[in-house]
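Charged side chains are the topic of this report, which looks at how they pair and where they gather. Please keep the sequence and the model in view while reading.

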Amino acid sequence: MGSDDRRKPRLLCLHGFRTSGEILKTQIHKWPQSVLDNLDLVFVDAPFPCQGKSDVEGIFDPPYYEWFQFNKEFTEYTNFDECLEYIEDCMIKHGPIDGLLGFSQGAILSAALPGLQEKGVALTKVPKVKFIVIVGGAKFRSPLVVDKAYSSPISCPSIHFLGETDFLKKYGMELTESCVEPVVIHHPKGHTIPRLDDKSLKTMMDFIERIKKDV
């Protein structure tokens with residue numbers, strides 16, 4: 001099989017808290033066509049309808065969804081196991097899924113899943129997650145999840161977008177410390193999916209070339 005016959009890396013894309021797959025699709029399509037043409041992106045809605053006001057109300061149309069619920073300290077989660085089962089079902093339905101792309105709540109999930117999968121507590125019916133794309137991510141804080149998700153370094157290839165004014169930047173940097181040789185793209189914006197300048201586009205394309213070899 002020649003390199004041109006290879007299928008594109010397929011990513012399951014997990015949107016932010018109280019948004020939707022359609023909203024994430026709109027946000028990601030700010031990226032250049034050269035990136036989008038090299039990836040097979042699958043956008044899904046989270047399993048639970050939004051249980052409060054969405055931060056994107058008035059910017060993006062409803063409906064809005066959330067992956068799971070949490071307390072103020074982000075240390076206790078509700079519907080978390082159901083969320084993990086739902087993601088696995090999506091990976092089966094839309095498979096083969098090679099990697100995960102996540103923004104915000106979806107990024108926190110995407111970064112934790114390889115470790116949870118390795119420990120046999122999530123995604124046991126699907127192939128190993130080969131790489132992750134993390135935009136505005138962080139680590140979980142619940143000891144129950146932390147002990148399993150990050151007890152070993154996250155060894156699959158990972159690329160992380162860190163915004164200079166993102167309220168999660170500090171936590172996103174902590175996440176990169178749990179990854180083996182993470183690729184990091186810094187951008188001047190806040191908690192958002194940034195456009196790619198020439199430098200970040202080259203970094204992204206290099207990462208895509210790297211992950212294509214694993215597909």
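## Charged side chains in a predicted model

In this predicted model, R18 and E66 form a salt bridge in which the closest N and O atoms lie 2.8 Å apart. The pair joins distant parts of the chain, since R18 sits in the loop between β1 and α1 and E66 belongs to strand β4 (residues 65–66), 48 residues apart. Both R18 and E66 are buried.

Side chains of opposite charge can pair when their charged atoms come close. In the whole structure, a search finds 8 salt bridges, and the table lists some of them.

| Salt bridge | Closest N to O distance |
|---|---|
| R18 with E66 | 2.8 Å |
| R10 with D40 | 2.7 Å |
| E209 with K212 | 3.4 Å |

R10 and D40 form a salt bridge, and this pair also links distant parts of the chain, with R10 in strand β1 (residues 10–14) and D40 in strand β2 (residues 40–44), 30 residues apart. R10 counts as partly exposed because its relative accessibility is 23%, and D40 is partly exposed with a relative accessible area of 26%.

E209 and K212, by contrast, are both in helix α7 (residues 198–212), and because they are 3 residues apart they are separated by about one helical turn. E209 is partly exposed at 40% relative accessibility, as is K212 at 22%.

Salt bridges also link R7, D98 and K130 in a network.

On the surface, D81, E82, E85 and D89 gather in a patch of negative charge. One of these residues, E82, is found in helix α3 (residues 80–93), and E82 counts as partly exposed because its relative accessibility is 42%.

Methods
Residues are numbered from 1 along each chain as its sequence is written. This is a predicted model: local features need pLDDT of at least 70, side-chain atom pairs count only at pLDDT 80 or more; totals for chains, interfaces and linings use all residues. Side-chain values use heavy atoms; hydrogens and water are left out. Patches are made of residues with over 30% relative accessible area and no salt bridge: like charges are joined within 9 Å, nonpolar side chains (Val, Leu, Ile, Met, Phe, Trp, Tyr) within 5 Å. Accessible areas come from the Shrake-Rupley method with a 1.4 Å probe; for residues, only the protein chains shown count as cover. A salt bridge is a side-chain nitrogen of Lys or Arg within 4 Å of a carboxyl oxygen of Asp or Glu. Lys and Arg count as positive and Asp and Glu as negative; His and the chain ends are not counted. The place of a charge is taken as NZ of Lys, CZ of Arg, CG of Asp or CD of Glu. Helices (H or I, at least four residues) and strands (E, at least two) are DSSP runs, numbered from the N terminus. Buried means under 20% relative accessible area, exposed over 50%, partly exposed in between (1.4 Å probe, protein chains only).
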